[in-house]
Amino acid sequence: MHSWKSPQSPAFPDLSPILPLPSPVSSTFQHRVSTKSTSRVTPSPRIPPELFLDIVSFLAVTDTSTITDIHDQSNLAEICNCSLVSKFWLYAARDHLWRHVRLGGGRRGNTFIELLQHYTSGHESTLPSFVPHVKHLFIRESRGGLSWGPKWLNAVLPTLAGSLVNLHSLEAERITWEYLSSKSRDAFIKGFKGVRKLSLRVCEFRTTLDMIRVIGEFEDVEALALDRVHCEWDDIPADSEVFVSRADDRTIPKPPRRLRELAMRGAHTRHVLKWMRVAMKHDGARVTVEVLRLGALGAKSAPAVGKFLKTLGTNLKELHLGFDAAFIDNGDEVVSHIDLSHNNVLREMHVYGLIIPSLPPSDLSNFQPPTRLPPQLMPLTALLDGVRAPLRALSLALYPADPHALSSMDFEGLAHVLDGRPWTTLEDVLVVVANEDDGRMGGIVNQRLDRLLERGVLRVNVGFDDREVLFI
């Protein structure tokens, strides 16, 4: 049981305008006493304010940006019922009902905009506005009939950006920057400028410089995710160290000064990393990324990733690497650019996208003893062998075609590396075999990494990997 705190405690918002005193449990519990009676009136039972918040929090699902529907249907109805009890319950319920807002056009989006305009247009209302409770906003542009046709989001962006002033995170999907009006662009940048988390997914920009300029406007962003962001053409010289546009010779802005977490997948990774690396080189510790998540990493972006990791040095605490499907063929080239010896204070490392194809069948017409093939995923062993940090957690997401393919993995080299001195601090090793079988694959991992199993740090999950490398 938590200790009681008054409504004016820093742990709670100032509720004095709507709750002078804690509310009674229910009016049915109040004692009915005659006005002529001289006996002492028993006070109504009251509940400390923090218990109201606990009751409503119990009904709400744990906050996460990966859940499409924050509440299930039954809990949503119960939280709505809680909002009808009293003004204090209304405040507590609204904090959960409106914390996450997901809009993508259609009836839901239009209804929300109408409600928002009602509260922000000066209409008289007996209840306080719900707007301050909106902390996380997801917006998706409607597809429309034609790519250049009128868009729902383009029309409502000024209203959203001008009203939702307490946003903590913004996730925007399917936005084509060139199709937004100048009014909507200004509203997007100025209205959402104060968010701490920014995610751009499946968005399009005309040039790489346009994308970087938009990101640079969000100076206070602490977590940035760029997922499949497309640019029609690259207007940044490949050999530029000062990052000047060839189009209009304007200097590229600096990266967000408070950035601590960066996630990218298929979003001109090498350009964004070089932009930040050059800024770090000239401005010292302006960007100190502590958590780095990279998906679909291939040979093209590996050199920029290696240089960025070296620049981060001891700032980096957590690393997520998701390789593309070609890693099984060009993994040696990719790993040759990544040296983790400079990141000697890493605490967690997670590797995804490790595809293990089936081995070729034996040639029955050849009477010679079959040639022993080299183990698969040896580049993974080389990558981990370069770790010098006292890691606490390691996870690997494997995608084997079959048990025979899994057995061909370089478990011997991997076990030898993990038995080394830098890995003695491991507390948790999770191997996710992203496939369905009868338990054979899990048994193979336990058998080949038996030393970790004996230490009590190995966990094996067999089933499709549902983790998101770009989750922030």
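**Strands, helices and rings**

Reader: Which residue in strand 8 is the bridge partner of Leu-226?

Author: The bridge partner of Leu-226 in strand 8 is Met-264. This is a predicted model. Leu-226 falls within strand 6, residues 223-227, and five bridges join strand 6 to strand 8.

Reader: What makes strand 6 and strand 8 a pair?

Author: Two strands pair if there are at least two bridges between them. Strand 6 and strand 8 have five and run parallel, so they pair.

Reader: How do you know that strand 8 also pairs with strand 9?

Author: The test is again at least two bridges. Strand 8 and strand 9 (residues 291-297) have five, in the parallel sense. Glu-261, for instance, stands opposite Val-291 in strand 9.

Reader: Why is strand 8 called mostly covered?

Author: A residue is buried when its relative accessible area is under 20%. Four of the five residues of strand 8 are buried.

Reader: What makes strand 1 and strand 14 edge strands?

Author: Twelve strands form an open sheet with parallel pairing, in the order 1-2-3-4-6-8-9-10-11-12-13-14. Strand 1 (100-103) and strand 14 (458-462) each pair on one side only.

Reader: Why is helix 13 called oblique to helix 14?

Author: The axes of helix 13 (residues 411-418) and helix 14 (residues 440-448) cross at roughly 50°. Roughly parallel needs an angle under 35 degrees, and roughly perpendicular needs 65 to 115. The crossing angle meets neither condition, nor is it over 145, so helix 13 is oblique to helix 14.

Reader: Which residues make the contact between these helices?

Author: Helix 13 contributes Phe-411, Glu-412 and Ala-415, and helix 14 contributes Ile-444, Val-445 and Arg-448. By class, four of the contact residues are nonpolar, none is polar and two are charged.

Reader: What makes Tyr-119 and Phe-130 an edge-to-face pair?

Author: Ring centres must lie within 6.5 Å for a pair, and planes over 60 degrees apart count as edge-to-face. The centres of Tyr-119 and Phe-130 are 5.4 Å apart and their planes stand at 85°, so both conditions are met. The structure holds nine aromatic pairs.

Reader: Is each ring of this pair buried or partly exposed?

Author: Phe-130 has a relative accessible area of 1%, which is under 20%, so Phe-130 is buried. Tyr-119 has 22%, which lies between 20% and 50%, so Tyr-119 is partly exposed.

Reader: Why is the pair of Phe-188 and Phe-192 called edge-to-face?

Author: Their centres are 5.5 Å apart and their planes are at 90°, so the limits of 6.5 Å and 60 degrees are satisfied. Phe-188 and Phe-192 are both buried.

Key. Residues are numbered from 1 along each chain as its sequence is written. This is a predicted model: local features need pLDDT of at least 70, side-chain atom pairs count only at pLDDT 80 or more; totals for chains, interfaces and linings use all residues. Side-chain values use heavy atoms; hydrogens and water are left out. Axes are lines fitted to C-alpha atoms, for helices over the stretch in contact, and angles run from 0 to 180 degrees between N-to-C directions. Helices (H or I, at least four residues) and strands (E, at least two) are DSSP runs, numbered from the N terminus. Contact means heavy atoms within 4.5 Å. Ala, Val, Leu, Ile, Met, Phe, Trp, Tyr, Cys and Pro count as nonpolar, Asp, Glu, Lys and Arg as charged, and the others, Gly among them, as polar. Buried means under 20% relative accessible area, exposed over 50%, partly exposed in between (1.4 Å probe, protein chains only). Rings of Phe, Tyr and Trp (its six-membered ring) pair if their centres lie within 6.5 Å; planes under 30 degrees apart count as stacked, over 60 as edge-to-face and the rest as tilted.
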